[in-house]
Structures are given as C-alpha cells and as structure tokens.
Amino acid sequence: MLFRTSRLCLVLVVVTAPCWAYFEPHTHDACFCQLSGRIDECTCNIDTVDHFNNVKVYPRLRSLLLKDYFRFFKANLKRECPFWHDDSKCAMRYCHVQACGDGDVPVGIKGTAKLKKEEKEEDTCGGSDKELDYLNKTISAKMKKDLVMWTKYDDANDNFCVVDENDEDAEYVDLLLNPERFTGYKGSSANRIWNSIYLENCFRPKSYYSLYIPSSKLNSMCLEERVYYRAISGLHTSINIHLCANYLLSHSNGLSLTDPKGEWGPSLVEFERRFSPETTNGEGPNWLRNLYFIYLLELRALAKAAPYLEQETFYTGNEAEDFDTQMAVKDLLNIAKQFPNHFDETTMFTGSAQAARLKHEFKEHFLNVTRIMDCVGCDKCKLWGKLQTKGLGTALKILFSQKFNQKKLFQLQREEIVALFNAFGRLSTSIYKLDNFREMLEH
Ligand SMILES: Cc1cc2nc3c(=O)[nH]c(=O)nc-3n(C[C@H](O)[C@H](O)[C@H](O)COP(=O)(O)OP(=O)(O)OC[C@H]3O[C@@H](n4cnc5c(N)ncnc54)[C@H](O)[C@@H]3O)c2cc1C
C-alpha cells in the first residue's frame, strides 16, 4: 500500500513521458515516482531497504540510541576553521548547543575517556602498551619507542577523520537534548561549506564545474569516485530530510528564528522544494537514491564490524544498563548480518598502484570534509555534521582499513562507536521519515 505510488509510477515510466507528468495536478508525487528499482552500485531494491529499515532496523535503533552510552558525544565545537576566516557568528537561537554540565555525564563514560588518555600518555613516555606487548615481549626499549611511533603513524593513516575528542576544548553534548532539526542556517556560509565539499573535496568528471554531478555524468567516473560522491550526496540528503521533517512550523505564525518558543514538525512544502524533479533539474530523486546508497554502505560496515562490536562492554558504570545495551547492540547486529544484499566493498581499490593512489586521494578528500566541519557557522549543524561525518569516516575505516583483518591491531575509540551508531540512526530515521512524506502526499 505504502509503495503504491512508486510501483504505479514504475509501470508508467516504461510508457514514454516523464513520470511526474502523469500525476497532474498532484505533481508532488514526482519526488517518489522515480524512487524505485535497484539502488546504484548495489544489488538490492529501494523497497527491500524500505521494508527492512522501517520494520526491523528503525524501531531497534530508536530505543538503542536512548541509552546513556550512545547519547553523550564529545566534540570540539570551538576549533577555528582551518580554511578561511569565518566571522559569521551564529545568532540564531536554534543553532545553540547546550553542552553537558559536570554532573550530567555518567562517570563510567568520563572514566573510560580519562583512562584512554592516561594510556596514551604512558605510550608517549614509552610506558606499557598492551598492543605492543602483544606484538613482542622481548623487544628493546628503543625498538619499542620506534614501534609506538610507527603505530601512531599507522593509526593516523588508518583514520578517515580528524580526532576531536582529545582536545582540551572538546565537551560532552547530550544528543537527545540537542536534536538535529531545522535551524535556519543557510545563505553564503552554508553554501560555502557545500561548495567546498563538492567542488574541492570530491571527485568530478573532467571539466565539469557545476556543484552537483548529474546522474548522466556519473558513469564517466570510476566505481570508487562514484561511491565517494554518492556517499557525500546521501549524507547531504539525510541532513536536508531531517530539517524538512523537523521544520519550524510556527515560523509562519509570526515566530522568528530567535524566538525561544517553537513548534517543529514535517513540512511537505520544504520537502518538495528540495527534492522534486521540477525544482532540482530532475536530480531530487537521484539525491534521494543516494540516501539509500549511504545507508547500505554503513549497514555493511556495521555487519562487518559485528565480531568486534559484540565484544564491546559499552561501559557507563551502570551494570544493568550496560548489559541491556550489549544485548540491544547484539540484537541489532544480528539483524544487520542477516541482510542478504550487502554493499560489496571488496570490488573497490583492487589491484594496481593506481588503486593505491585512488585510495589515498579518497581518504585525503574525506579527511578534509571532516576538517571543513569546523567551518560550519551554526553550532547545532556543526555538532551533527561532525557526528555524521565521523560516523561515515568510521564506516570507511571498517571497510577499507588494512588493519581490520588483524584482529588485535584494529581498534575503535568510544567516540567512533557512538558516531557510527548515531550516524546510521540518522540515515535510518531519514528513510523512515521518507515514508511519512510519502503518506502525506497520498492523502
Ligand atoms: C554540515 C552541514 C550541516 C547542516 N545541518 C543543518 C541542520 O541541522 N539544520 C538546518 O536547518 N540546516 C542545516 N544545514 C543547512 C542545509 O543543509 C542547507 O544548506 C540550507 O538549508 C540551505 O539550503 P539550500 O536550499 O540553499 O540548498 P543546500 O542544501 O545548501 O544545497 C546547495 C546545493 O547543492 C545541491 N544539492 C542539494 N542537495 C544535494 C544532494 N543531496 N546531493 C547533491 N547535491 C545536492 C543543489 O544544487 C543545491 O542548490 C547544514 C549545512 C551543512 C553544510
């Protein structure tokens, strides 16, 4: 029933005219009528993912992400933009982020971070290092020091994100108290961020300079370049779906963006403006498809990392809650593992020296995207931008890190795990919210 429009449309597409023409005067159905069939670069269909996500994944993630382990995220929102001088200090009330007070964060979470920091300091001084102890118990002190350095170099080489949480200025934020939603952030500052991401830190077809890459041009790029672009575009789609699904509805009733009162809910008008083919040169439905692509990419990372994540304690200091969290994570990972048509990362970066160069560029581009997050001129957008890029970066690390198969050498920090699950939660929610918009359009 829910997919009636898209199926009907799929049949009509085969006839001749653009499918949205058949839905006059309900032209808004166009956002969905092209959203069917196979997901690009993958072997499964949009409606398979809709069903899998909305019935199995979304309800589980919804309750999992309420747990203390996942609700506190540590980030530095004060770091200066490294690329340009940004003096657009955000005055909009809805951009404000409330950082946690001293007593708000469970001691177990702060404790593990402290412990990790102390371990790190010990490492730097050539003190005990479990990883290296495992490698060789008989090596000399000098050799051990060199190994610590090389391991650090390797870790940095393995990461797709800049590390934030060890900075002095990093603070814990309660994600439940600072939800991602419409903030009013737009104009030159927001444009500059997206421009810099797409034009300077993305792969592009030769001599093509418009911001987005039309789907017709994508095939002139190689698989890895397409994957990169689709992941960024899918992330952009997800951010914009969230602001449409949690739009400031009372704005039109005279409330301004600096007014403390506000009422949020879905705005169909905003959704259609952003995704219908008429207002996006026909690209809106492709941008929606890219959301499904990044969802499958992160789902695959979760399934691949399941053996590692199943060993995590998710420690907060509350024994009963930690046990519940472990069980809920295992349950979700079982669902993720059972999905039959995972994205196949083994086809990427194979073979020649050119593949190694491509992988290096892929990583460098993405590292820059995580740095650009420091230039976002709205703290709320910056927080969620950092969390989602870190989550995607963690997924890429799981999929492409050479260390992944060397069990004892692969490590994820708490903040990476929190980002990975929350980022996937954002994508899952976006797909779920699409169904709400689809229903709204049908009534
Ligand atoms: C990191 C980040 C986080 C943000 N978080 C929030 C938030 O939480 N709440 C909030 O209200 N606003 C947020 N914004 C702002 C929001 O994303 C838009 O930039 C803003 O609403 C202005 O929208 P726009 O219509 O100018 O188009 P934009 O979304 O700014 O897009 C610019 C151009 O990119 C192209 N484009 C659009 N979507 C895609 C896509 N999926 N794939 C490829 N190309 C595309 C189109 O040509 C479009 O004109 C965030 C921005 C950034 C950079």
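Start by selecting helix 3 and helix 12: their crossing is left-handed (the near helix is turned anticlockwise from the far one by less than a right angle). This is a predicted model, where local features need pLDDT of at least 70, side-chain atom pairs count only at pLDDT 80 or more, and totals for chains, interfaces and linings use all residues. Residues are numbered from 1 along each chain as its sequence is written, and side-chain values use heavy atoms, with hydrogens and water left out.

Helix 3 covers residues 46–64 and helix 12 residues 284–309; their axes come within 11 Å and cross at roughly 55°. That makes helix 3 oblique to helix 12 (not under 35 degrees, over 145 or 65 to 115). Now show the side chains in contact (heavy atoms within 4.5 Å): I46, V49, D50, F52, N53 and V57 of helix 3 meet Y292, Y295, L296 and L299 of helix 12.

Next, the cavities, places where a 1.4 Å probe fits on a 1 Å grid but cannot get out. There are two of 30 Å³ or more.

For the largest, about 110 Å³ in volume, select F73, K74, A75, C161, V162, D164, T370, M373, K386, T389 and K390, which line it (an atom within 4 Å of a point). Strand 1 (72–75) and helix 15 (379–400) each give at least two of those lining residues.

Then move to the second largest cavity, at about 30 Å³. Pick Y228, A231, I232, F362, F366, L392 and L396 for its lining. Helix 10 (223–245), helix 14 (353–372) and helix 15 each give two or more of these, and helix 10 has the largest share, three residues.

Key: Axes are lines fitted to C-alpha atoms, for helices over the stretch in contact, and angles run from 0 to 180 degrees between N-to-C directions. Helices (H or I, at least four residues) and strands (E, at least two) are DSSP runs, numbered from the N terminus. On a 1 Å grid over the protein atoms alone, a cavity is a set of points where a 1.4 Å probe fits but cannot get out, and a pocket is an open set with protein on both sides within 12 Å along at least five of seven lines; lining residues have an atom within 4 Å of a point. Grid points are joined across faces, edges and corners, and a volume is the space filled by probe spheres set on the points.
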